[in-house]
Amino acid sequence: MISLDAGWDVVADAQHANPEYANELARLATRHGAIWRTEDFDVPLDELLRRNEARPRADHVPEEYIRSSWKRFHHVMFRPLNPEDPNGNLLKRMIADPYVRVTPVRGESDVFACNFT
């Protein structure tokens, strides 16, 4: 990507909601030496629909697409972390991630250092 190689900041709006897209964008950033970061905004469905209605007609997103995307991804992205759920436990997710090295901190029983590549 020319923009990443030139040192430009690149924003990929809403593409990280689908894990398949998020993984590809993370790999792309890594290949080009860029920093990968996501920002998730927990917006209620009714507010998303209201904002969509306020857009100019040419920029409208089909309401059914907004509803189905919100239903599909919202509960995954904004669920409370549950220590028994390996997909909801951040430490277990870090340990399973090939790009993160998790090391126990010497002298501590429940503190870990996480190094990212």
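Biologist: Is Arg27 buried, partly exposed or exposed in this model?

Modeller: Keep in mind that this is a predicted model. Arg27 has a relative accessible area of 36%. Buried would need under 20% and exposed over 50%, so Arg27 comes out as partly exposed.

Biologist: Which side chain does Arg27 meet in a salt bridge, at what N to O distance?

Modeller: Look along helix α2, residues 19–31, where Glu24 sits three residues from Arg27, about one turn of the helix. Glu24 is partly exposed too, with a relative accessible area of 36%. The salt bridge partner of Arg27 is Glu24, and the N to O distance is 3.2 Å.

Biologist: Which residue is linked with Glu24 and Arg27 in a network of salt bridges?

Modeller: The Arg27 and Glu24 pair doesn't stand alone, as both belong to a network of salt bridges. The residue linked with them there is Arg31.

Biologist: On to helix α3: how far apart are N and O in the salt bridge of Arg51 and Glu47?

Modeller: Those two lie four residues apart in helix α3 (residues 45–54), about one turn of the helix. Arg51 is partly exposed at 45% relative accessibility, and Glu47 is partly exposed at 22%. Their N to O distance is 2.8 Å.

Biologist: And which residue forms a salt bridge with Glu63?

Modeller: Glu63 belongs to helix α4, residues 63–77, and its partner is four residues away, about one helical turn. Glu63 is partly exposed, at 41% relative accessible area. The closest N and O atoms are 2.8 Å apart, and the partner is Arg67.

Biologist: How many salt bridges are there by this rule?

Modeller: The cut-off is a nitrogen to oxygen distance within 4 Å. By that rule, the count is six.

Key: Residues numbered from 1 in each chain as written. Predicted model: local features only at pLDDT ≥ 70, side-chain atom pairs only at ≥ 80, totals over all residues. Heavy atoms only, no water. Buried < 20%, exposed > 50% of the residue type's maximum accessible area, 1.4 Å probe, protein only.
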